[in-house]
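Here are some notes to read alongside the structure, written as numbered points. Please keep the sequence and the 3D view open while you work through them.

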Amino acid sequence: MNSLTMKKVLSFFFLICFTLPSFAFDHNYALWKRVVVQYVDLTTVPATVDYLGIKDNRLDFTENLKEMVAVTKEEYEAFTIDQRKAFILNLYGALAIKAVLDQIKGNKLPKSIKDGKALFTDIFDQKFFKLFGEKRSLNYIESELAKEFNSDFKFMVSFACAARGCPPPGYYTAENLSKTLNEISKVFLSWDKNVNYAITNNTFVASDYFEPKEKFIKQSSEYSDLKNYLIRNAPISELLKDKAIKNENTLDLDFAKRDWSLNNKK
């Protein structure tokens, strides 16, 4: 090959390298969808996750997480609003699962995601992954990254924190966001330890998962308060719902301690 031909080949090579578009982020979350469909069971009460199944077949899970944490701040800010919401919930759910997987010894699961706490540091405050070039924690995602969406109450109460007293992880995209938020909310509220209506004293007893989030409902255009959200979303009978609505002004709301035990498949 003469020098002129070599120059042409090299020129073509560099043209290809520098003009092809970079890898586009998969907003359909094909890898995450396979994980959720195969290992998250929304039909049980409460919903469960097969952590050992993910551990033993974690290629899709690992590759999906790599793709998500590789997103730059500039790329994230170019996402649409619903793309950002889907990204936040999928990422949080995957990272909560990772926090559990990191605690598995052999085939022995931790009793709770909170068993992974370090000295004086709750698992949710531990910076165990990088995002946007910095070490981050789960609380960074929920409290900082998600705060622009505080007015979307159903979004704010859909963070999957790997416990029976938390919503299960879902498969979110911009296109299915509203539908999946409704589905996850219904599944979460279907367990009576997360919410229960006592007709005898006209009281909702809700998991304290909702307590620190109650302040966000003041920014919501959809719900007047947490009681209104529970009346409209808790899967109680129509008879009980009618009674709660008629007595909403005198309806009491109490909080019960959240069940932090791991939501693992039995």
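1. If we set aside residues within four places in sequence, T203 is in contact with N196, Y197, A198, L251, D252, L253 and D254. Please keep in mind throughout that this is a predicted model. T203 itself belongs to strand β6, which covers residues 203–207.

2. Is T203 buried or exposed? Its relative accessibility is 5%, so T203 counts as buried, given that the cut-off for a buried residue is under 20%. The side chain of T203 also reaches the backbone oxygen of N201, at a distance of 3.0 Å.

3. Turning to the nonpolar interior, the largest nonpolar core has 77 residues, and the residues with the most contacts inside it are F87, F159, F204, F210 and Y229. Helix α6, which spans residues 81–101, supplies the largest share of this core, with 13 residues.

4. F87 deserves a separate look, since it appears in more than one list. Not counting residues up to four places away in sequence, F87 touches F25, Y29, M68, V71, Y76, F79 and L131. Ring pairs also link F87 into a cluster with F25, Y29, Y76, F79 and F132.

5. How many aromatic pairs are there? The count comes to 19, and one of them is formed by F149 and F155, which meet edge-to-face with 5.6 Å from centre to centre and 80° between their planes. F149 and F155 are both buried.

6. Why is the pair of Y197 and F204 called tilted? The ring centres of Y197 and F204 lie 5.1 Å apart and their planes stand at 50°, so the pair is tilted, because planes under 30 degrees apart would count as stacked and those over 60 as edge-to-face. Y197 and F204 are both buried. As noted above, Y197 is among the residues in contact with T203, while F204 is among those with the most contacts inside the largest nonpolar core.

7. Two lysines should be examined together with aromatic rings. The charged end of K114 sits over the ring of W260, 4.6 Å from the centre of that ring, and K215 lies over the face of F216, at 4.6 Å from the ring centre.

8. Finally, the structure holds one disulfide, formed by C161 and C166, whose sulfur atoms are 1.9 Å apart. The link between C161 and C166 is left-handed, with -90° about the S-S bond, and both C161 and C166 are buried.

Key
Residues numbered from 1 in each chain as written. Predicted model: local features only at pLDDT ≥ 70, side-chain atom pairs only at ≥ 80, totals over all residues. Heavy atoms only, no water. Disulfide = S-S within 2.5 Å. Buried < 20%, exposed > 50% of the residue type's maximum accessible area, 1.4 Å probe, protein only. Core = buried A, V, L, I, M, F, W, Y, C linked by side-chain atoms within 4.5 Å. Helix = DSSP H or I, 4+ residues; strand = E, 2+ residues; numbered from the N terminus. Contact = heavy atoms within 4.5 Å. Phe/Tyr/Trp six-rings, centres within 6.5 Å; stacked < 30°, edge-to-face > 60°. Lys NZ or Arg CZ within 6 Å of the ring centre and 35° of its normal. Polar contact = N/O pair within 3.5 Å; in protein donor to acceptor, adjacent residues only side chain to side chain.
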